[in-house]
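Biologist: I have a model open and some labels on it that I would like to understand. Could you walk me through the reasoning behind them?

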Amino acid sequence: MRQGDLDLIIEGGWLIDGLGGPRRRADVGVAGERIAAIGDLSAVPARRRVDTAGRIVAPGFIDVHGHDDLMFVEKPDLAWKTSQGITSVVVGNCGVSGAPAPQAGNTAAALALLGETPLFDSMGDYFDELRVRQPVINVAALVGHANLRLAAMRDPTAQPTAEEQSLMQRMLADALEAGAVGFSTGLAYQPGGMARQAELEGLAHVAAAHGAMHTSHIRNEGDEVEAAVDEVLAIGRSTGCATVLSHHKCMMPRNWGKSRATLANIDRARAEGVDVALDIYPYPGSSTILIPERAETIDDIRITWSTPHPECSGEYLSDIAARWGCDKTTAAERLCPAGAIYFAMDEDEVRRIFQHECCMVGSDGLPNDAHPHPRLWGSFTRVLGRYVREAQLVTLEAAVAKMTSLPARVFGLAGRGQLSVGAWADIVVFDADTVVDRATWEEPTLASIGVEQVLVNGRQVFPAAAGMPRPGKILRRVPDAAQSLP
Ligand SMILES: [Zn+2]
């Protein structure tokens, strides 16, 4: 390298390269969008130097489970991401994505999770809009299975005709060719829940043929969780389509502990060669749309938003029902369309699932909610502060690998998720002694502490400053090549 080629040297810090090995003392040199040098760079000139003595320098985190599809348009600074060190996000999860838009007359409640912006006709149109808006972080997009049903089927609550099935498959192929990394299912929601095995396998075959993948919000995360996991494993097994089980959990006390069986099934499938991984968010409460049928079965339900009753955001359903003098189911019905947090998971079980060797971290953050689940602002820093520093569930190096190189490999994000010469300069600098989430159930939008600097493609995005460029890229999937450099 010629002297003076480096734009930036991040010097004096402890380097965790994302691949799981122990931290080491090393400076990191950035030239343009890439990492150009690693080692003792004290004698190397650079346009700018940042002193990170005593700090950890790691690859930027990859949030494998986002719902920020429309936020790149509506709130493009995405402060909830950059402030916790996230430099790439996978959007389009749980069967819902920014494209394709439903055909006239079709809709689905889960689409309300995304935001106010009208959906785009095609993933190609969505990506064109992202390029115009310039994403602040990198984005890999899945196309939602619910979108495909709503766009391709005249009656999306029915079974697809042969013609509709082939139209869905053609729409999926178009989305993949436009740059989507795969498709997602939301089998616990409608209309995705209407899908039978043959429909899902037809789509998974198309994805596999394109080197793409599929993620699944499985059909049931409670009493039927084991069968629901098996259903998704069977799709991966029969089609060869790489598969991710989203936000894996077992809800309701009577189902706590079932992850021992589901994880064993996942291990068996992996031993057979099924390409499957999973993710969690590090909290014992879940969040999605308000489902009135759950009102009597889960004791603690907190409202995150309500179209007819926005004043109820942040309140417990039981308090609302008491004030209205009705039962909780009736209150829930009156609040819909609405969103909710459900407290029905076991923290010990979440932590056990997290420790599985192919478990990643996905925030599942819902940035459109008035009173969101705190996972939106705190998932990654909560792992670092509470799961690593306080509980010592895994080493810091192992946790970083779960949030960087592992998702890069699973999603095929070439040159991401590691600090090595030639890799993209997605970098987070944090203080391992103080880093932690601050977002709580009561105050869910408090930013984390301990994250000091975040770079995306060599450009600073955090701390944010007025007029900063938005340097994110749209990421395509490069199967089997994620650990190699582009
Ligand atoms: Zn989901």
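Modeller: Happy to; we can take the labels one by one, keeping in mind that this is a predicted model.

Biologist: What makes Cys94, His217 and His247 the protein donors of the zinc ion?

Modeller: Donors are N, O and S atoms within 2.8 Å of the metal. Cys94 (SG), His217 (ND1) and His247 (NE2) lie 2.0 to 2.3 Å from the zinc ion, so they count as protein donors. Their spacing in sequence is C-x122-H-x29-H. Cys94 sits in the loop between strand E9 and helix H3 and His217 in strand E12, so this pair ties together parts that are 123 residues apart in sequence.

Biologist: Why is His247 called buried?

Modeller: Buried means under 20% relative accessible area. His247 has 1%, so the word applies. This residue lies in the loop between strand E13 and helix H8, and its phi is positive, about 30 degrees, although His247 is not a glycine.

Biologist: And why is Leu78 called buried?

Modeller: Its relative accessible area is 0%, under the 20% limit, so Leu78 is buried. Leu78 is in the loop between helix H1 and helix H2, and its phi is near 45 degrees, again a positive value in a residue other than glycine.

Biologist: Why does Glu296 count as partly exposed?

Modeller: Partly exposed covers the range between under 20% and over 50%. Glu296 has 46% relative accessibility, so it falls in that range. Glu296 gathers with Glu293, Asp327 and Glu333 in a patch of negative charge on the surface.

Terms used. Residues numbered from 1 in each chain as written. Predicted model: local features only at pLDDT ≥ 70, side-chain atom pairs only at ≥ 80, totals over all residues. Heavy atoms only, no water. Patch = residues over 30% accessible without salt bridge, like charges linked within 9 Å, V, L, I, M, F, W, Y side chains within 5 Å. Areas by Shrake-Rupley, 256 points an atom, 1.4 Å probe, with all protein chains shown as cover. Salt bridge = Lys/Arg side-chain N within 4 Å of Asp/Glu carboxyl O. Lys, Arg positive; Asp, Glu negative; His and termini not counted. Charge placed at Lys NZ, Arg CZ, Asp CG, Glu CD. Buried < 20%, exposed > 50% of the residue type's maximum accessible area, 1.4 Å probe, protein only. Donors = N, O, S within 2.8 Å, 3.2 Å for Na, K, Ca; no water. Helix = DSSP H or I, 4+ residues; strand = E, 2+ residues; numbered from the N terminus.
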